[in-house]
Amino acid sequence: MSIVIDSPLDMHLHLRDGDMLKVVAPLSATYFSGAIIMPNLIPPVTTKDEVISYKQRIIEASKDNSFNPYMTLFFKPTYSREFLSEVKDKISAIKLYPAGVTTNSDGGVTGFNIDELEDTLNSMSEFNIPLSIHGETNGFVMDREAEFASIYEMLASNFPNLKIIMEHITTRESVALLDRYENLYATITLHHLLITLDDVAGGMLQPHLFCKPIAKRPEDREALREVAFSGHPKVMFGSDSAPHPQDRKEASFCSAGVFTAPIALQLLTELFLENSNLDNLQKFISTNAQNIYDIEVPKKRVILEERDFIIPNRYGTVVPIYAGEQIKYSIKEIVC
Ligand code: DOR
Ligand code: ZN
């Protein structure tokens with residue numbers, strides 16, 4: 001039996017730059033029609049010129065694949081209406097990082113003072129630029145997302161015309177928050193559908209499953225699965241595939257990030273066929289995102305089949321999730 005996915009989208013992706021970009025961009029570009037590209041480079045992407053040149057480097061690294069990189073800026077409360085009006089056609093969202101919560105986020109927002117943020121957020125509402133947020137505080141690691149909920153509520157109620165994307169949600173409470181505000185949406189990663197904290201640290205430590213936000217409890221994973229498998233229209237797939245070289249993962253001070261991009265479609269197919277259906281997978285992986293972001297996507301049909309596939313031990317210097325393990329589905333054909 002063949003399984004067909006049309007124009008898959010990855011609404012949260014880290015492609016990095018330089019040599020790493022050259023390794024990982026072709027992988028996403030082969031399997032996906034497009035992706036929202038995270039701006040947390042060193043230094044972060046904060047100007048129109050940087051957006052344009054980074055997009056060009058991504059297109060070059062993507063080889064001949066039809067793949068649309070949807071660019072983002074790294075949120076600064078100093079972005080003026082004039083600046084946003086000039087850059088709005090080059091970006092699909094602006095990503096807000098609270099300072100210091102994850103990789104390369106030091107220049108993020110400190111405190112969430114509405115007076116400081118409102119000019120930029122009002123202009124974003126006016127120009128219909130979605131605000132994408134890494135929703136964690138600097139609190140105790142298991143509580144960071146829950147502690148951020150009040151900030152989501154403050155932003156959603158004060159800026160009702162602003163589309164707010166709660167990135168990589170990991171808790172039951174975040175799932176519940178989605179339906180409480182019309183302007184809240186969410187991405188969910190593959191790894192948070194698959195693992196709990198037990199897989200990361202319950203036995204031998206698994207650095208390749210360590211990420212921010214950290215995977216939570218079984219009941220949290222259950223809530224994420226339920227809402228993703230239902231095809232909920234406010235929920236999109238965002239892999240948060242975040243490559244780090246093997247020596248930065250298998251180390252003390254291990255970097256946060258799980259690399260899933262090249263096997264995401266195969267594993268999502270398995271998960272959805274066992275727990276839901278292909279229609280809801282299509283919604284989760286493309287249709288919902290097209291509606292939420294109001295984007296046209298390159299046509300790409302990915303055909304999978306039930307055939308064992310051994311996940312490679314490495315892509316360049318990057319170790320993927322479940323390296324060396326056998327999974328049930330393989331890519332059969334990609335038609336553009
Ligand atoms: O695990 C993560 N890795 N979470 C993030 O938010 C950032 C990402 C990265 O850039 O490595
Ligand atoms: Zn991310």
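A cavity, as used here, is a set of grid points where a 1.4 Å probe fits but cannot get out. Keep that in mind while working through this predicted model.

**Exercise 1. Work out where ligand 1 sits and what surrounds it.**

Solution.
- Step 1: start with the location. Ligand 1 sits in the largest cavity.
- Step 2: look at the neighbours. There are 14 residues around ligand 1, and Arg16, Asn40, Lys212, His244 and Ala256 come nearest.
- Step 3: sort that shell by character. You get three nonpolar, eight polar and three charged residues.

**Exercise 2. Find polar contacts of ligand 1, using a cut-off of 3.5 Å between N or O atoms, and say how much of the ligand the protein buries.**

Solution.
- Step 1: go to arginine 16. An N or O atom in its side chain is 2.8 Å from an oxygen atom of ligand 1.
- Step 2: switch to the backbone. A polar backbone atom of alanine 256 is 3.0 Å from a nitrogen atom of the ligand, while glycine 257 puts a backbone N or O atom 3.3 Å from a ligand oxygen.
- Step 3: check the cover. On its own, ligand 1 exposes 290 Å², and the protein buries 100% of that.

**Exercise 3. Identify the protein donors of the zinc ion (ligand 2) and explain what the site links.**

Solution.
- Step 1: list the donors. They are His12 (NE2), His14 (NE2) and Asp240 (OD), at 2.0 to 2.1 Å from the zinc ion.
- Step 2: write out their spacing in sequence, which is H-x1-H-x225-D.
- Step 3: place two of them. Histidine 12 is in strand 2 (residues 9-13) and aspartate 240 is in the loop between strand 10 (235-237) and helix 10 (246-249), so this pair ties together parts that are 228 residues apart in sequence.

**Exercise 4. Check the backbone at Pro43, Pro213 and Asn104.**

Solution.
- Step 1: take proline 43, in the loop between strand 3 (34-37) and helix 2 (48-61). Its bond with isoleucine 42 is cis, with omega about -10 degrees.
- Step 2: move to proline 213, in the loop between helix 8 (197-201) and helix 9 (218-229). Here the peptide bond from lysine 212 is cis, with omega near -10 degrees.
- Step 3: finish with asparagine 104, in the loop between strand 6 (93-96) and helix 4 (114-126). This residue isn't glycine, yet its phi is positive, near 50 degrees.

Note on methods. Residues are numbered from 1 along each chain as its sequence is written. Chains are lettered from A and ligands numbered from 1 in the order in which they are written. This is a predicted model: local features need pLDDT of at least 70, side-chain atom pairs count only at pLDDT 80 or more; totals for chains, interfaces and linings use all residues. Side-chain values use heavy atoms; hydrogens and water are left out. A residue is near a molecule or strand if one of its heavy atoms lies within 4 Å of it. A polar contact is a pair of N or O atoms within 3.5 Å; within protein, one must be able to donate a hydrogen and the other to accept it, and residues adjacent in sequence count only if both atoms are side-chain atoms. Accessible areas come from the Shrake-Rupley method with a 1.4 Å probe; for residues, only the protein chains shown count as cover. On a 1 Å grid over the protein atoms alone, a cavity is a set of points where a 1.4 Å probe fits but cannot get out, and a pocket is an open set with protein on both sides within 12 Å along at least five of seven lines; lining residues have an atom within 4 Å of a point. A molecule sits in a cavity or pocket if more than half of its atoms lie within 2 Å of its grid points. Ala, Val, Leu, Ile, Met, Phe, Trp, Tyr, Cys and Pro count as nonpolar, Asp, Glu, Lys and Arg as charged, and the others, Gly among them, as polar. Donors are N, O and S atoms within 2.8 Å of the metal (3.2 Å for Na, K and Ca); water is not among the atoms, so sites may look incomplete. Helices (H or I, at least four residues) and strands (E, at least two) are DSSP runs, numbered from the N terminus.
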